[in-house]
Amino acid sequence: MDILQKLENGERLGFDEGVQLYDVDLFTLAKYADKRRKELYGKKSFFNINRHINPTNICKDICKFCAFSANRKNPNPYTMSHDEVLAIVEDASKRGIKEVHIVSAHNDKARLDWYLGMFRKIKEQFPHIHIKALTAAEVNFLAKEYGLEFEEMIDLMIDNGVDSMPGGGAEIFDEEVREYICKGKVSSQEWLQIHRLWHKRGRKSNATMLFGHVEKREHRIDHMLRLRNLQDETGGFNCFIPLIYQKENNYLKVQNFVTGQEYLKTIAIARILLDNIPHIKAYWATSTLNLALVAQEFGADDLDGTIEREAIQSAAGAQSRYGVPLEEFVALIKDSGFIPVERDSLYNEIKVW
Ligand code: V47
């Protein structure tokens, strides 16, 4: 059957058809992606008042795309103390944040309790703040470093106050590309297994995809379908987040950015293929705010949040170091013709702005 007919019928698409979607023109893709988005959320666009914290940049792994970890291109190693992290949370809580999004590097000098104690103390002092922390790459690193099963690490995370897991560390699941861009880091199987186990504990998580570097379109479709398969099994993913690769200060020699058209196609295809993942996030820190706002018309329904500070993508050239003020964020969403809906980390609606 013709792929357009399948789109018209709302049928689930397989790998070959997913790849073919990239050859469909952007506006036809937009028609179907936007239809699906509207059925689910109308003109609502979700965001979160959040604070990103990256407490250390010392990393045992060497991912070629990473400009954040301390290395010879970024020779400024740091590790925050718990008091420093708590001071950041306290300050941000005065501005009404509902979530801290904590992603660190794989620091083999910090102890397990440096990681876990940080969450415990935040939860004790700020019980109303949702802690989204530890990518599957960090969970894998800590489990191996301390001889723990993934299940044991997950128990420790829950006992110490982690509420949900961010989607980082997924990169591209294809083993060959993965070997080239982030050899030695959490494998695709391990990444998926950690999220599977997390979901089996009744918890939610997100999933990212880093693209626009050396991968091909086929690899993106494969990545999305591996996530769709796991989601069929567990239902635990809230959100899919395609991250545009930022090209400064790292060891992956890629000169060109993915085009705006390719980004929008990827957002639309994600909305169409991932029929079981409720939210598609246009993460403005990698796409720019303007393109993220446009992506709302191509299937994206979530814009992450105000962020406040961001160290990973901005180290690689993105204009996201200082987040965006709440009033400006809300005004931009309104001006783009959508309804800004503040959400909590689990997508319960808090306020229509
Ligand atoms: O996995 C590293 C990426 C991710 C670069 O769950 C880069 O809501 C672009 O996990 N260019 C961490 N990206 C960030 C992350 C995240 C971000 C936003 C929302 C959520 C969520 C999670 O940052 C890593 C890696 O793929 N990254 N270097 C770079 N040069």
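**Salt bridges, a small sheet and the annotated sites**

Lys247 and Glu248 pair up in a salt bridge, with 3.7 Å between the closest N and O atoms. This is in a predicted model, and that holds for everything below. Both partners sit in the middle range for exposure: Lys247 comes out as partly exposed at 24% relative accessibility, and Glu248 is partly exposed too, with a relative accessible area of 38%. Elsewhere, Asp23, Glu215, Arg217, Arg220 and Glu262 are joined into one network by salt bridges that share partners. Across the structure, the salt bridges number 33. As background, oppositely charged side chains can pair when their charged atoms come close.

Two further pairs are worth a look. Asp108 and Lys109 form a salt bridge in which the closest N and O atoms are 3.5 Å apart. Asp108 is partly exposed, at 33% relative accessible area, while Lys109 is exposed, at 68%. The other pair is Arg196 with Glu233, where the closest N and O atoms are 2.7 Å apart. Arg196 belongs to helix H9 (residues 188–200) and Glu233 to helix H10 (residues 217–234), so this salt bridge ties together parts that are 37 residues apart in sequence. Arg196 counts as partly exposed at 22% relative accessibility, and Glu233 counts as partly exposed at 45%.

Turning to the strands, an open sheet is built from 3 of them, in the order S2-S3-S4, with parallel pairing. Strand S2 (50–53) and strand S4 (130–133) are the edge strands, each pairing on one side only. From one strand to the next, the twist averages 20°. In general, it is backbone hydrogen bonds that pair the strands of a sheet, in either a parallel or an antiparallel way. Here, strand S3 (residues 99–102) pairs with S4 in the parallel sense over 4 bridges. One of the residues involved is Ile102, whose bridge partner in S4 is Ala133. Helix H5 (residues 112–125) lies across S3 and S4, and runs at about 165° to S4.

Next come the annotated positions. An unreviewed UniProt entry lists Cys59, Cys63 and Cys66 under "binding site". The lining of the largest cavity includes Cys59, Cys63 and Cys66. Cys63 is found in the loop that runs between S2 and helix H4 (82–93), and Cys66 lies in the loop between S2 and H4 as well. Cys63 is buried, with a relative accessible area of 11%; Cys66 is buried at 16%. Once neighbours within four places in sequence are set aside, Cys63 touches Ile181, Cys182 and Lys185. With neighbours within four places likewise left out, Cys66 is in contact with Asn71, Asn249 and Asn250.

The "binding site" feature is also placed by UniProt (unreviewed entry) at Phe65 and Glu171. These two residues are spread over 107 residues of sequence, yet they cluster in space, with a largest C-alpha distance of 9.8 Å. Phe65 and Glu171 are both taken in by the lining of the largest cavity. Phe65 sits in the loop between S2 and H4, whereas Glu171 is in the loop between helix H7 (150–159) and helix H8 (175–182). Phe65 is buried, at 13% relative accessible area, and Glu171 is buried, at 6%.

The contacts of this pair fill in the picture. Beyond its neighbours within four places in sequence, Phe65 is in contact with Glu171, Ile181, Cys182, Lys185, Leu210, Tyr245, Asn250 and Leu252. On the same basis, the contacts of Glu171 include Phe65, Arg178, Thr208, Met209 and His223. Ile181, Cys182 and Lys185, which Cys63 touches, are also among the contacts of Phe65 and of Glu171. Asn250 likewise turns up as a contact of Cys66 and of Phe65.

Finally, Asn140 lies in helix H6 (residues 136–145). At 6% relative accessibility, Asn140 counts as buried, the cut-off being under 20%. Apart from neighbours within four places in sequence, Asn140 is in contact with Phe150, Val186, Glu190 and Ile194.

Methods:
Residues are numbered from 1 along each chain as its sequence is written. This is a predicted model: local features need pLDDT of at least 70, side-chain atom pairs count only at pLDDT 80 or more; totals for chains, interfaces and linings use all residues. Side-chain values use heavy atoms; hydrogens and water are left out. Two strands pair if DSSP finds at least two bridges between them. Helices (H or I, at least four residues) and strands (E, at least two) are DSSP runs, numbered from the N terminus. Axes are lines fitted to C-alpha atoms, for helices over the stretch in contact, and angles run from 0 to 180 degrees between N-to-C directions. Contact means heavy atoms within 4.5 Å. A salt bridge is a side-chain nitrogen of Lys or Arg within 4 Å of a carboxyl oxygen of Asp or Glu. Buried means under 20% relative accessible area, exposed over 50%, partly exposed in between (1.4 Å probe, protein chains only). UniProt positions are given in the numbering used here, feature names are shortened, and annotations may be inferred rather than shown by experiment. On a 1 Å grid over the protein atoms alone, a cavity is a set of points where a 1.4 Å probe fits but cannot get out, and a pocket is an open set with protein on both sides within 12 Å along at least five of seven lines; lining residues have an atom within 4 Å of a point.
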